[in-house]
Structures are given as C-alpha cells and as structure tokens.
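The following exercises ask the reader to work from atomic coordinates to a description of cores, charged pairs and a ligand site. Each task is followed by a solution in steps.

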Amino acid sequence: MSTFKAPKGTYDLTPPESAKYLAVREAIAAPLKNSGYGYIETPGFEDVALFSRGVGESTDIVTKEMYTLTTKGGSQLALRPEGTASVLRAALEANLHKLGNLPVKLWYSGSYYRYERPQKGRYRHFSQVGAEAIGAEDPALDAELIILADQAYRALGLRNFRILLNSLGDKECRPVYRDALQGFLRELDLDEETRRRIEINPLRVLDDKRPEVQKQLVGAPVLRDYLCDACKAYHEEVRDLLSAAGVVYEDDEKLVRGLDYYTRTTFEFVHDGLGSQSAVGGGGRYDGLSEMIGGPALPSVGWALGVDRTVLALEAEGIELELPASTSVFAVPLGEEARRVLFGVVTQLRREGVAADFAYGNRGLKGAMKSANRSGARFTIVAGERDLAEGVVQLKDMESGEQTAVPLSDVAEAVRERLA
Ligand code: AMP
C-alpha cells in the first residue's frame with residue numbers, strides 16, 4: 001500500500017469488480033440509445049451559480065453538499081453535484097433547442113460529487129447515468145423515461161424495486177398548495193431549522209424522516225387536492241400510459257425529492273434491499289428550469305440512476321451478471337524464439353478481432369499457466385522450440401482440456417471456428 005488512500009467517502013473501482021460497473025452503465029444506456037437519445041458530455045465543474053440558481057438556494061445539495069472552489073482567476077466553480085442543470089446549460093449553449101427538432105433527447109454518464117456524510121450507498125463521489133428530454137410538454141415523454149429506466153433495471157435482472165410516482169403541480173397550483181401547507185406547518189411543534197425550512201421550502205418538510213415529525217404530519221394538506229385541472233389531466237395521462245405499458249408504480253403523494261426545479265411528474269425508483277439509502281434513481285419534470293438559468297421556456301423531463309446503488313441492488317438480490325471473459329486466447333511461449341513468434345501471433349489475433357493476451361515477464365511455465373487460468377481465456381496457445389520447428393502451436397481448449405497442433409498461419413481461424 002502507498003502512503004495515500006482514496007479520500008473519505010470515495011472508493012476505487014478495480015478489476016474484476018469494475019467490470020460490473022461498466023456493465024451496469026451499459027445496461028442503463030442501452031434502452032436510451034435505442035430510443036433516440038444522443039450522448040452528451042459536460043465538464044466535471046460549472047459556475048457555482050448554475051447550481052445555486054438551478055438546483056435551488058435552499059436545498060441540502062446547494063447549502064451543505066457542494067464542493068466549491070475559487071480559481072486562481074477568481075471564478076467561483078463547483079464540482080457538479082448532479083447532471084440536469086449542466087446538461088440543460090450545455091444544450092442551450094449549443095442551441096440544440098433551435099434546430100427545430102424538439103424534444104432534444106440526451107443521455108449522459110459520469111461522476112458527481114456531494115459532500116455528504118458517507119455511509120453504505122452514500123458517497124462523496126458517485127456515478128450516475130442520466131437522461132433528459134428537453135423542450136416538450138407531453139405525458140408520453142414522462143412515461144417513456146420511466147418505462148426506459150424500468151426496462152434497464154429489468155434487463156439487469158432486478159426485481160425488488162418499486163416506482164414511486166407523484167405530481168408536484170405547476171406554477172399555477174403549487175403556490176396555492178404551498179400557502180396552505182405553510183399554514184399547517186407553522187402550527188406544529190418543530191425545531192428551529194425545520195421552522196426555517198417551512199418558510200423557504202415547505203414541501204421538503206414532508207420528506208423529513210424523523211418519526212416525531214412524521215407523526216405531526218398526519219392530516220397535512222396533500223398536493224393532490226390542490227392540483228389544477230391541467231396538472232390532474234397530465235398526471236392521469238402519465239399514469240394511464242405506464243399502466244398500458246405494464247409498468248407497475250405506486251402513487252406516493254409525499255414524494256417531493258431534494259431538488260427545487262421539479263414540476264408536475266416526479267418519480268423515484270427505490271430498492272427494498274438497500275436499507276436507508278434505498279433510492280436507486282429518480283427524476284421528474286422541470287418545466288421552469290430553463291428560464292431559471294436564463295434560457296427560454298423549455299418544458300423538460302429527465303432522470304438520473306445511481307450506478308453505485310444499482311450495483312448494491314444487484315448484490316442485494318444475489319444477481320451475478322453474465323460478464324463474458326475479456327480474453328479468448330492466452331499465449332504461453334516456451335523459450336525466447338517462441339516469445340517472438342507468439343507475440344506476433346497475439347498481435348495478429350487482436351488485429352483480427354480475437355481478444356488475446358500474453359504471458360509477460362518470463363514467469364516460467366507454471367506461472368504462465370496460472371495467468372492463463374486467471375484470464376478466463378477459453379484457449380491457450382503454447383509453443384516451444386519443437387513446435388516452431390514443425391510450424392505449429394499447441395491450441396488447448398481450457399474447458400475440455402483437449403489439445404491440438406494447429407499450423408501457425410491458421411491459429412486465428414481455428415480459434416474463431418471453435419469459439420463459434
Ligand atoms: P438525486 O439527484 O439525488 O435524485 O440522485 C439520483 C440518484 O443518484 C440516486 O437515486 C442515487 O442512486 C444516486 N446518488 C445520489 N447521491 C448519491 C450519493 N451521495 N452516493 C451514491 N449515490 C448517490
């Protein structure tokens with residue numbers, strides 16, 4: 001071990017475990033790529049104001065969890081705590097919304113940073129795959145995103161997750177509800193910090209997990225009773241489309257989520273095997289965000305799924321992903337001449353698209369065979385002086401143990417035939 005360790009709240013992905021993370025990212029991305037979403041990548045840091053304005057001045061993310069820094073040039077930056085604000089900023093900057101093809105559908109994958117109290121499933125550096133559909137108000141788009149996330153989780157084999165669904169109303173009906181809720185909350189017996197929250201972000205109080213708070217929230221006004229007709233109709237349509245697609249969800253009128261920009265549809269994917277950090281992904285509609293960051297009105301919807309927690313969910317369900325061995329052929333040379341020849345064979349195999357690796361470092365036959373086994377390769381090719389003199393290599397099938405001499409020039413073909 002070196003004198004350094006990964007910083008608190010972070011961890012490294014190393015082989016073979018890391019292959020699982022790649023597979024999860026790919027599984028989440030696959031249905032998006034298949035549904036018209038284009039890949040977008042944005043910087044790991046942004047102007048801090050993008051998040052304070054976009055995500056919300058009063059949210060935990062902005063008040064407590066952002067990694068902020070001042071550059072030598074005096075710019076105030078923040079490591080990105082989430083993806084939506086950055087992606088929308090980038091889409092506006094590139095004028096993607098002016099190309100006449102709305103919605104602009106984008107997907108992304110990357111690292112996010114929040115200064116949180118670390119625990120299992122909650123890290124200071126984590127990884128998300130996300131999707132945003134920008135510039136259209138259409139319940140089918142909300143449904144599409146939820147269906148695609150459901151499809152991704154199912155493709156991974158996950159079953160013990162639930163979809164929680166709610167509507168937060170819009171700029172017409174939400175303020176009316178907010179007033180009513182504030183009136184109710186102000187009468188309760190709450191601590192100072194929660195009292196402050198009532199004034200800045202009363203919906204978040206509903207999310208308070210403490211039993212003594214939850215007890216007092218019985219009888220609180222519910223948003224559903226305040227939704228305007230347009231929001232009600234919109235929400236009904238999302239629900240109908242999900243049901244028609246066979247996607248099971250639960251109505252959760254308490255679901256408000258931790259970011260201020262959500263309007264109308266909000267949803268969360270929770271996994272029942274994860275303890276307190278049970279949200280594996282979430283998202284919703286953010287019809288006002290574009291204007292909040294200085295853009296035109298662009299009603300939009302999106303989600304982000306956490307890769308770290310998805311891997312934990314797989315473990316909780318005992319799911320082993322079928323990860324194909326990364327190496328098909330492992331070459332073991334016996335002697336100097338064989339090293340040169342087999343290195344050439346490996347290079348050729350790779351150029352022909354066969355995954356191949358080589359016993360580097362002169363570790364002797366025993367060490368080399370150990371590496372061959374560990375590589376998971378289906379075949380080894382072994383060659384010594386006598387083989388070379390005859391112009392052959394020994395091709396060994398590691399499953400059956402069967403070994404055949406194959407002419408040097410035919411190795412790639414022989415391997416391909418057997419793999420097929
Ligand atoms: P949020 O932007 O908070 O809705 O987060 C979306 C998803 O990202 C969550 O459902 C988690 O799976 C994941 N996530 C958020 N924060 C963390 C964290 N600190 N550590 C690990 N995963 C996280």
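The exercises below concern a predicted model.

**Exercise 1. The nonpolar cores**

Determine which residues have the most contacts inside the largest nonpolar core, and which elements give two or more residues to this core.

*Solution.*

Step 1. The largest nonpolar core has 47 residues. Within this core, the most contacts belong to Phe 51, Leu 88, Leu 106, Ile 134, Leu 181 and Leu 185.

Step 2. Two or more residues of this core are given by each of helix 2 (48-54), helix 3 (60-65), helix 4 (84-93), strand 5 (104-113), strand 6 (125-134), helix 6 (174-186) and helix 8 (202-205). Helix 4 provides the largest share, 6 residues.

Step 3. Take Leu 106 as an example. Neighbours within four places in sequence being left aside, Leu 106 is in contact with Tyr 37, Gly 38, Ile 40, Val 87, Ala 91, Leu 96, Gly 130, Ala 131, Glu 132 and Ile 134.

Step 4. Another core, of 46 residues, lies apart from the largest one. Its members include Ala 29, Leu 32, Leu 165 and Trp 303.

**Exercise 2. Salt bridges between parts of the chain**

Establish where the partners of the salt bridge between Asp 191 and Arg 210 lie, and treat two further pairs in the same manner.

*Solution.*

Step 1. The model contains 29 salt bridges.

Step 2. In the salt bridge between Asp 191 and Arg 210, the N to O distance is 3.3 Å. Asp 191 lies in the loop between helix 6 and helix 7 (192-200), and Arg 210 in the loop between helix 8 and helix 9 (211-216); the pair therefore ties together parts that are 19 residues apart in sequence. Asp 191 has a relative accessible area of 32% and is partly exposed; Arg 210, at 33%, also counts as partly exposed.

Step 3. Arg 239 and Asp 251 form a salt bridge whose closest N and O atoms are 2.7 Å apart. Here Asp 251 belongs to strand 8 (residues 250-251) and Arg 239 to helix 10 (residues 229-244), with their positions 12 residues apart in the numbering. The relative accessible area of Asp 251 is 43%, so Asp 251 is partly exposed.

Step 4. Glu 46 and Arg 89 form a salt bridge, with 2.7 Å between the closest N and O atoms. This pair links distant parts of the chain, 43 residues apart: Glu 46 is in strand 2 (residues 45-47) and Arg 89 in helix 4. Since buried means under 20% relative accessible area, Glu 46 counts as buried at 7%.

**Exercise 3. Arg 197 and Glu 250**

Decide whether Arg 197 is buried or exposed, and identify the residues with which Glu 250 is in contact.

*Solution.*

Step 1. Arg 197 is found in helix 7. Its relative accessible area is 18%, so Arg 197 is buried.

Step 2. Apart from neighbours within four places in sequence, Arg 197 is in contact with Asp 60, Pro 202, Arg 204 and Val 205.

Step 3. Glu 250 is found in strand 8 and, at 32% relative accessibility, counts as partly exposed.

Step 4. With neighbours within four places in sequence set aside, Glu 250 is in contact with Arg 162, Ile 163, Leu 164 and Leu 165. A polar contact of 2.9 Å joins the side chains of Glu 250 and Arg 162.

Step 5. Glu 250 and Phe 267 are 17 residues apart along the chain, and their C-alpha atoms are separated by 9.6 Å.

**Exercise 4. The ligand site**

Describe the shell around the ligand: how many residues surround the ligand, and which are the closest?

*Solution.*

Step 1. The ligand is surrounded by 14 residues, of which the closest are Arg 114, Glu 116, Tyr 123, Gln 128 and Arg 257.

Step 2. Strand 6, strand 10 (279-285) and strand 11 (300-306) each supply at least two residues of this shell. Strand 10 gives the largest share, 3 residues.

Step 3. An oxygen atom of the ligand lies 2.9 Å from a polar side-chain atom of Arg 114. A distance of 2.9 Å also separates a ligand oxygen atom from an N or O atom in the side chain of Gln 128. For Gly 306, a polar backbone atom is 3.4 Å from an oxygen atom of the ligand.

Step 4. On its own the ligand has 480 Å² of accessible area, and the protein covers 92% of this area.

Notes: Residues numbered from 1 in each chain as written. Predicted model: local features only at pLDDT ≥ 70, side-chain atom pairs only at ≥ 80, totals over all residues. Heavy atoms only, no water. Core = buried A, V, L, I, M, F, W, Y, C linked by side-chain atoms within 4.5 Å. Buried < 20%, exposed > 50% of the residue type's maximum accessible area, 1.4 Å probe, protein only. Helix = DSSP H or I, 4+ residues; strand = E, 2+ residues; numbered from the N terminus. Contact = heavy atoms within 4.5 Å. Salt bridge = Lys/Arg side-chain N within 4 Å of Asp/Glu carboxyl O. Near = heavy atom within 4 Å. Polar contact = N/O pair within 3.5 Å; in protein donor to acceptor, adjacent residues only side chain to side chain. Areas by Shrake-Rupley, 256 points an atom, 1.4 Å probe, with all protein chains shown as cover.
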